[in-house]
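Please consider the structure shown below. The paragraphs that follow treat a metal site, a helix and a pocket in turn.

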Amino acid sequence: MTLAAAPAGPSALRRHNLGLVLASLRESGGASRAELAAHTGLTRATVATLLDPLLTAEVLAEETAPPRGVGRPSRPVRFHPGGPVALGIAIDVDSLAVCATDLAGRVCAHRRVGGDNRGRTAEEVYAAAADLAGEVRRALGRRVLGAGVAVPGLLGDRRPVEDGVSATTADRAEPVVLRAPNLPALTGTRPGSALADRLDVPVVVENEATLGALAHLGLAPDFVSVSGEIGVGGGIVLGGRVYRGANGLAGELGHVVVDRDGPACGCGGRGCVEQYAGKSAVLGDAGVADVEALREALAGGDGRAVAAVGRAGTALGVALASVVNVLDVPVIVLGGIYAELAPDLRPALEAELRARSLQPAGPTVLASELGEDAAVRGAADAVLADVHRDPDRLVPAA
Ligand SMILES: [Zn+2]
């Protein structure tokens with residue numbers, strides 16, 4: 001093997017400066033060259049050098065407003081309305097979702113299709129996810145910078161990515177699915193390669209609960225998010241950053257034990273939170289087929305439905321009280337079905353938190369506004385975060 005010469009690409013300083021300009025545009029929603037220079041502390045000449053390739057590539061657009069009054073007209077620079085997007089893909093146990101988010105953080109497209117993935121092989125799941133992403137991409141007709149993939153499983157054994165399609169940032173090299181208790185067909189597979197090969201864009205893969213936490217980053221500097229799906233996912237944010245743990249397993253709230261003699265769990269343990277508060281457990285206990293039927297039963301005061309959601313709230317509260325005592329986070333974010341069920345879930349959950357947490361007033365419990373879409377939104381956000389770290393990706397290779 002021979003060592004290639006260092007690429008004569010833009011320097012780290014240039015990338016840093018470009019990052020400043022893009023962040024300024026994201027915050028302001030649009031700014032003139034003079035304002036960008038003032039905001040970033042860069043010279044107007046440097047700003048112009050940074051902007052030119054992005055204007056040519058139609059990542060940015062500069063308004064051509066007619067001159068008004070005296071002096072030079074101010075022509076704001078914005079993200080191009082037809083500019084590139086990041087795709088988010090969420091592989092859920094009983095559905096697939098795709099969204100597209102632009103560089104300003106706006107969601108430009110979203111699709112979710114129901115369908116149980118438990119009867120499918122991994123290849124079938126990845127093919128269906130790629131097909132859905134392809135549909136969204138064709139309908140949108142915009143350049144795709146990369147795809148983030150939310151997977152309902154534990155990820156590990158990250159391998160450095162070879163040159164080419166599935167390149168991600170080095171610190172998040174491609175993982176294998178170590179274990180997917182609710183979608184065992186995915187165990188041992190590498191979703192990054194499977195989707196990068198089909199979509200021909202860089203792919204970044206993360207656990208769905210980690211991405212769900214990422215989607216809520218602006219809510220508070222320190223919080224724990226807990227998401228109710230077939231599985232129960234948790235994400236930990238400390239100091240404004242998602243905490244992944246040494247092996248990316250941090251936040252596995254669904255398998256916190258609340259009764260050591262409780263029912264057997266797909267993870268091999270017993271009495272895990274998921275056996276009381278997972279979607280299947282709650283719907284089964286309530287004797288209803290889906291979340292809509294559960295909401296109707298709750299609205300009608302159905303005793304069995306009220307008891308099922310109360311039992312879930314108690315199990316979640318017991319587990320979360322311990323989490324709060326370990327991490328001392330002031331905020332808990334309820335996502336997935338817990339966001340929809342929050343009014344009925346809260347009383348039992350908050351009673352346990354108050355009784356068991358050592359915090360004087362107990363943590364604040366918020367219901368996510370993203371609901372079941374937190375993971376897919378976080379998946380697109382992960383790509384955008386990578387792009388903002390390496391903004392040279394915005395200019396297509398010649
Ligand atoms: Zn378990």
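What geometry does the site of the zinc ion have, given its four donor atoms? The angles among the four donor atoms run from 103 to 122°, and the site is tetrahedral (four donors with all angles between 85 and 135 degrees). The model is a predicted one, in which local features need pLDDT of at least 70 and side-chain atom pairs count only at pLDDT 80 or more, while totals for chains, interfaces and linings use all residues. Residues are numbered from 1 along each chain as its sequence is written, and side-chain values use heavy atoms, without hydrogens and water.

Coordination of the zinc ion comes from His 255 (ND1), Cys 265 (SG), Cys 267 (SG) and Cys 272 (SG), at 2.0 to 2.3 Å; donors are N, O and S atoms within 2.8 Å of the metal (3.2 Å for Na, K and Ca). Along the chain these donors are spaced as H-x9-C-x1-C-x4-C. Because its relative accessibility is 1%, Cys 272 counts as buried (under 20% relative accessible area, with a 1.4 Å probe and protein chains only).

Helix H5 (residues 191–199) has seven of its nine residues buried and is therefore largely enclosed by the rest of the structure; helices are DSSP runs of H or I with at least four residues. Among the buried residues of H5 are Pro 191, Leu 195 and Leu 199. Just after H5, Asp 200 adopts a positive phi of about 60°.

Domain 2 (85–212 + 375–394) and domain 3 (219–369) both contribute to the lining of the second largest pocket, so this pocket lies between them; the domain bounds come from an automatic or database assignment. A pocket is an open set of points on a 1 Å grid where a 1.4 Å probe fits, with protein on both sides within 12 Å along at least five of seven lines, and lining residues have an atom within 4 Å of a point. The lining comprises 19 residues, of which Asp 94, Ser 95, Lys 279, Val 291 and Glu 372 lie nearest the centre of the pocket.

Conventions. Buried means under 20% relative accessible area, exposed over 50%, partly exposed in between (1.4 Å probe, protein chains only). Helices (H or I, at least four residues) and strands (E, at least two) are DSSP runs, numbered from the N terminus. Four donors count as tetrahedral if all angles lie between 85 and 135 degrees; four count as square planar and six as octahedral if opposite donors are over 155 degrees apart and all others between 65 and 115; anything else is irregular.
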